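Work through the exercises below with the model in view. Try each task before reading its solution.

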Amino acid sequence: MDHPSEQTASPTAQFMQYVSGFWITQILGTLVRLEVVEQLAAGARPCDDVARALGLESQHLHRLLRAGVTAGMLVEAPPGTFALTSLGGVLRKGVPGSMRGIALAMSSPGHWLPWGQLAEAIRTGRPRTQETLGMDFWAWLNRDPSLTEEFAEGMGNLSDEVGQELATLHDFSAYTRVADIGGSQGVLLGHVLKASPQCRGILFDQPAVIPSARARIQAQGLADRVELVGGDFFAPGLPAAEAYLLKFILHDWDDEAASRILRRIHEGAPSGARLFVLEQVLPDDGSPSFASLLDLNMLAVVGGKERTAKEFRALLAAAGWTLEAITPSRTGIRVLEARKP
Ligand SMILES: C[S@@+](CC[C@H](N)C(=O)[O-])C[C@H]1O[C@@H](n2cnc3c(N)ncnc32)[C@H](O)[C@@H]1O
């Protein structure tokens, strides 16, 4: 939101840019939800045309588009005609680097309403989903396939870049089977399998997520190499594999629950199995980090938490895993590589 007229903003104006951050979340989500983004996908269009196509009042839509310009997602030229900027282009579905799903997920009630009660989350140390959604976050998602799909698309958005990098950081061709536990649509697994063509994949997630995973795995041309397994990662009988992926799972849970997941994987794993945990890692020197913000998201929405490297090492060790390496990635996500002795 760095509008030229605000570059020399007063302290009050600068503060307003921070404190109105939630407006930006909703502007981005609304540009997607109203399908404005798809209307602009082929290039610049007059506001009147877009409004007609979407059955909206042009005068109201114009207010959203004008704010979209201030948010850096759109440009207006000539007056009354709008186009996506290169940043705004990632709001499109299916484009490289797409962030459409995450824009939808962050602006929908599943995140939005619990965050509105952050003070209570801090007071109690508990998520705010029961109070705001009437159930826990996963139950809320699972009761509506479109919400399941929206969140899974968002998770795929956040797995794409780091997935490409993971496949270059580690040689997975040594393994016959790689299992992605809580793998959502399988975007991460897809990158690993594409880089190691003789390797087979197992995608494990909640039964409600499997139809959306199946569609995405098929679209990647990997249907004959991936076994889709619906289930509960707290229950015994997780699939056996020589290597496991576990991305953005442990941070969803408190230590007791995270430890149970790690033990369940350990039970089914052969000795020598590798576990690749992909998470943001909190710095232990108090320096500012995105992980500290994500930590509050985990608290308010799912009751989980981010962890320091030391905390990960202890959590893994208590479940029988030896942490052997921590590798940074360009996205800020770390790859924690552990082994079952
Ligand atoms: C934060 S998402 C991470 C998805 C994926 N690993 C990624 O990073 O893109 C957490 C995943 O855990 C799955 N999940 C939650 N509870 C589960 C359970 N009890 N058993 C299996 N999967 C579960 C969700 O469906 C979701 O796909």
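A crossing is left-handed if the near helix is turned anticlockwise from the far one by less than a right angle, and right-handed if clockwise. This is a predicted model, where local features need pLDDT of at least 70, side-chain atom pairs count only at pLDDT 80 or more, and totals for chains, interfaces and linings use all residues. Residues are numbered from 1 along each chain as its sequence is written, and side-chain values use heavy atoms, with hydrogens and water left out.

**Exercise 1.** Describe how H2 and H6 pack.

Step 1. Find helix H2 at residues 21-33 and helix H6 at residues 100-107. Helices are DSSP runs (H or I, at least four residues), numbered from the N terminus.

Step 2. Take the angle, about 120°, and the distance between the axes, 8 Å. Axes are lines fitted to C-alpha atoms over the stretch in contact, and angles run from 0 to 180 degrees between N-to-C directions.

Step 3. Classify: H2 is therefore oblique to H6. (Under 35 degrees is roughly parallel, over 145 roughly antiparallel, 65 to 115 roughly perpendicular, the rest oblique.)

Step 4. Give the hand: H2 and H6 cross in a left-handed way.

**Exercise 2.** Find which residues come nearest to the ligand.

Step 1. The ligand has 18 residues around it, each with a heavy atom within 4 Å.

Step 2. Ser159, Gly182, Asp205, Gln206 and Lys247 come nearest.

Step 3. Look for polar contacts (N or O pairs within 3.5 Å). A polar side-chain atom of Gln206 is 2.8 Å from a ligand oxygen atom. A backbone N or O atom of Lys247 sits 2.7 Å from a ligand nitrogen atom.

How values were computed. A polar contact is a pair of N or O atoms within 3.5 Å; within protein, one must be able to donate a hydrogen and the other to accept it, and residues adjacent in sequence count only if both atoms are side-chain atoms. Helices (H or I, at least four residues) and strands (E, at least two) are DSSP runs, numbered from the N terminus.
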